[in-house]
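The exercises below ask you to read a multi-chain model step by step, each task being followed by a worked solution. Keep the sequence and the coordinates at hand while you work through them.

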Amino acid sequence: MSDQTYVTKDPRGPVTQLATPMRLDYLFTAGLSLSRNLRGYQRAEFVGQKCPVCGKVYVPSRGSCPVDGVALTEEVPLKNTGTVTTYCVVNVPFAGQSIKIPYICAQILLDGANLSFMGLIQECDVEDIHMGMRVEALWVDEADLVPSLASVKYFRPTGEPDADYETYREYL
Amino acid sequence: MSQIPAAKQGHRPVAVVAFAQSHVVRAETNSNEVEMLMPVVHEVFAKAGITKDDVGFICSGSTDYLIGGPFSFVTALDAIGVWPPKSESHVEMDGAWALYEAFVRLQEGDIDIALVYGFGKSSLGDLDKIFALQLDPYTMAPLNPDLVSLAALQARVVIDQGIATEEDFAAVAARSRRSALSNEFAQVRRDDSVEDLMAEPYAVSPLRRHCLPPISDGASAIVLVAGDRAFDLVERPAWITGIDHRIETHAIGARNLAVSTSTAKAAEMAGVGEGPVDLAEVHAPFASQEAILTTALGLPSSTVINPSGGALAANALMSGGLTRIGEAAQAILDGRAKRVVAHATSGPVLQQNLVCVLEGA
Amino acid sequence: MAEPTQVFTSPHVLEYPYSRSTGPVIGSFLTALRDGVLIGIRGTGGIVIVPPTEYDPYTSEETSGIVEVGPGGVVTSWAWVADPLPQHPLQHPFAWALVQLDGADTAMLHALDAGSPEAVSTGMRVTASWKPAEERVGNIFDLRAFVPEEAK
């Protein structure tokens with residue numbers, strides 16, 4: 001035995017690494033507000049929630065207006081259509097990837113909403129995607145609707161003229 | 001205008017002007033953290049007569065391990081509405097330490113009002129597994145000692161050293177539950193006899209079920225104000241005349257678990273013994289910890305301990321310590337007390353302790 | 001909104017396959033466990049700290065000098081677990097114990113496999129019970145548990 005370290009005769013040599021795996025199980029609670037939004041997906045509907053102070057409509061919502069710090073109490077049904085505010089084209093394969101690359105991931109601002117969220121764009125060549133493109137949601141079959149964004153199969157171009165930059169510049 | 005009591009550490013005077021808390025419950029199933037916290041923040045602003053725009057600094061205490069998601073304190077800011085952008089900070093500790101940081105921040109003199117809050121939902125995960133992860137990761141955490149077992153090891157030393165008995169633990173639990181009968185926010189509100197409590201089987205000996213804190217969801221919030229401005233907002237601000245926190249070694253086996261040296265040092269620095277103490281809110285989640293703490297705090301026998309029921313009646317993690325400060329301050333705000341002591345603890349078996357002395361003008 | 005809101009919940013699992021570098025001091029402790037040996041390290045004033053740390057927990061001075069300790073020791077505190085949790089090291093009733101090993105100045109935590117609470121007391125002598133040598137890998141479970149010394 002040396003003074004500073006313990007010396008072993010074990011052919012495996014000194015221990016230098018220790019596996020410390022951890023696993024924690026939780027039951028996530030969506031809360032009232034997000035639950036209203038999630039229930040909308042079950043009906044193939046985007047449900048926004050309106051701030052009683054500033055009037056902004058959030059989809060999805062976490063239960064408060066992040067600007068005013070008040071509960072969002074008014075449900076606002078939104079249409080299936082929106083505008084691509086920004087996007088990226090995914091070319092990198094990764095573990096668990098379910099979509100064929102290259103594919104488009106876009107931030108979509110639904111008509112009447114004041115918050116964009118991320119969605120998959122299909123039926124659109126990667127060369128054609130651009131900011132301001134008008135898109136619509138395609139929902140899964142009724143039997144497959146679930147209380148999550150998995151109810152949205154993907155978004156696709158509507159063919160309408162592009163949205164005016166001024167309509168989405170605040171949301172970039 | 002009333003005189004501000006002299007501060008022990010010669011600091012810029014800072015007072016608690018408002019305190020609010022949620023009803024502490026076993027499981028707040030209808031709300032996520034933001035929804036649980038928001039009404040508490042609204043209430044504390046209303047009590048202080050301010051809005052978020054008056055607040056110069058926000059500091060919160062919470063732990064992401066409870067929710068199982070990273071940076072949950074950032075999303076919790078949605079409960080306040082931090083626009084235009086706010087000066088903000090967070091401690092991965094009980095909100096009592098967030099209050100300490102806000103107190104220090106107010107010393108800089110450029111702002112006068114700070115919001116402090118703590119929140120925690122214990123109902124989402126497995127506390128025994130979560131809190132084992134705060135132990136030494138090589139030689140202790142893999143063994144997965146649970147919270148009750150570690151407290152039981154400490155309780156055994158308390159008994160062996162003649163500091164308290166199992167009957168004393170039961171008496172603490174009975175008194176706490178009875179006190180909580182007059183605290184509408186508490187979770188365990190009962191009138192139990194010591195005899196009945198002693199008839200319970202051991203959870204982990206020497207601790208019976210009544211020695212354990214409830215598992216709780218909850219939040220609390222405090223508004224701190226520096227200088228004379230406190231008198232503009234409330235009649236009787238609760239002035240922080242001393243505050244200090246101390247930590248001991250992480251190695252449980254290197255500590256005398258029946259003695260809280262860190263609490264004693266913090267109490268000395270905060271000046272607990274330099275005047276009468278009308279009441280003390282002591283953060284002792286396990287009944288066996290109260291005697292350790294009241295001894296370390298050096299409280300006179302006339303001091304009323306935990307009139308709120310304390311952590312044995314409501315144990316919302318990450319806000320329980322802040323609630324102790326709030327409950328103690330409320331007694332001054334209400335004119336029920338002149339000089340009070342609040343204590344908060346963090347870490348395994350009372351590793352880290354904060355002591356705060358508050359006085360009325 | 002008249003419709004009562006059902007709040008959705010969802011299971012959420014966090015799982016990380018962490019692997020930690022031990023450093024030379026903790027590494028020495030784990031290596032010794034694999035050999036069926038308990039060690040500590042000397043701190044300020046020559047005290048022996050077990051499990052060893054890189055620093056003295058009281059003075060924060062650097063420690064130095066590996067010392068063999070145990071395998072016997074004294075129980076400084078214990079807690080009887082009648083209903084072990086699934087994550088506990090033993091799945092039958094056992095005691096958690098803080099054990100001050102012979103030659104050590106601090107206590108270490110482990111399970112004490114003693115059969116019944118009547119067999120456990122503060123101050124009792126215990127000794128290390130090892131996993132079979134071929135099963136030891138260099139972690140805290142190489143030390144299966146402590147057991148009452150007379151039972152050994």
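**Exercise 1. A helix and its cover**

Which elements of chain B are included in what covers the buried residues of α10(B)?

Solution. Bear in mind throughout that this is a predicted model. Begin with the residues themselves: in helix α10, residues 261–270 of chain B, the buried positions are B:Ser262, B:Thr263, B:Ala266, B:Ala267 and B:Ala270. Viewed down the axis of α10(B), these buried residues lie within an arc of 135°, so they line one face of the helix. The cover over the buried residues of α10(B) includes β8, α11 (290–297), β11 and β12 of chain B. As a last step, follow the chain just past α10(B), where B:Gly271 adopts a positive phi of about 80°.

**Exercise 2. The sheet of chain B**

Work out the strand order of the sheet in chain B, identify its edges, and then examine individual pairings.

Solution. The sheet is open and is formed by 10 strands of chain B in the order β3-β2-β4-β7-β1-β8-β12-β11-β9-β10, with mixed pairing. Its edge strands are β3 (88–91) and β10 (304–305) of chain B, each of which pairs on one side only.

Take next the pairing of β4 (residues 113–121) with β7 (residues 217–226) of chain B, which is antiparallel and extends over nine bridges. Within this region, B:Lys121 has B:Asp217 of β7(B) as its bridge partner.

Turn then to β8(B), whose two pairings can be taken one after the other. With β1(B), β8(B) pairs in the antiparallel sense over two bridges, and B:Ala15 has B:Trp239 of β8(B) as its bridge partner. With β12(B), β8(B) again runs antiparallel, here joined by eight bridges, and the bridge partner of B:Gly242 in β12(B) is B:Val357.

Why is β8(B) described as largely enclosed by the rest of the structure? Eight of the 10 residues of β8(B) are buried, so the strand is largely enclosed by the rest of the structure.

**Exercise 3. Two packed helices**

Describe how α4(B) and α12(B) pack, and list the residues that make the contact.

Solution. Two packed helices are described by the angle between their axes and the distance between the axes. For α4 (residues 95–106) and α12 (residues 320–333) of chain B, the angle is about 65° and the axes are 5 Å apart. On the side of α4(B) the contact is made by B:Gly95, B:Ala96 and B:Leu99, while α12(B) contributes B:Gly321, B:Leu322, B:Arg324 and B:Ile325. Sorted by character, the residues of this contact are four nonpolar, two polar and one charged.

**Exercise 4. The contact between chains A and B**

How many residues does each chain give to the contact, and which elements of chain A take part?

Solution. The contact takes 23 residues from chain A and 25 residues from chain B. On the side of chain A that touches chain B, the elements giving two or more residues are β2 (22–29) and α1 (31–42) of chain A. The largest share of that side, seven residues, comes from β2(A). By character, the residues of the side of chain A that touches chain B are 13 nonpolar, seven polar and three charged.

**Exercise 5. The overall form of chains C and A**

Determine the secondary structure and the spread of chain C, and then do the corresponding work for chain A.

Solution. Chain C has one helix and 10 strands, arranged along the sequence as β-β-α-β-β-β-β-β-β-β-β. Its radius of gyration is 20 Å, well over the 15 Å that the globule rule gives for 152 residues, so chain C is more spread out than a compact globule. The C-alpha trace of chain C spans about 75 × 40 × 35 Å along its principal axes, and 40% of the 152 residues of chain C count as buried.

For chain A, the count is one helix and 10 strands, and the pattern along the sequence reads β-β-α-β-β-β-β-β-β-β-β. The radius of gyration of chain A is 23 Å, whereas a compact globule of 172 residues would have one near 16 Å. The C-alpha atoms of chain A fill a box of roughly 80 × 40 × 35 Å along the principal axes, and buried residues make up 33% of the 172 residues in chain A.

Notes. Residues numbered from 1 in each chain as written. Chains lettered and ligands numbered in written order. Predicted model: local features only at pLDDT ≥ 70, side-chain atom pairs only at ≥ 80, totals over all residues. Contact = placed C-beta atoms within 7 Å. Helix = DSSP H or I, 4+ residues; strand = E, 2+ residues; numbered from the N terminus. Nonpolar A, V, L, I, M, F, W, Y, C, P; charged D, E, K, R; others polar. Axes fitted to C-alpha atoms, helices over the stretch in contact; angles between N-to-C directions. Pairing = 2+ DSSP bridges. Rg over C-alpha atoms; globule rule 2.2 N^0.38 Å. Buried ≥ 20, exposed ≤ 12 C-beta atoms within 10 Å, placed from the backbone. Arc of directions from axis to C-beta.
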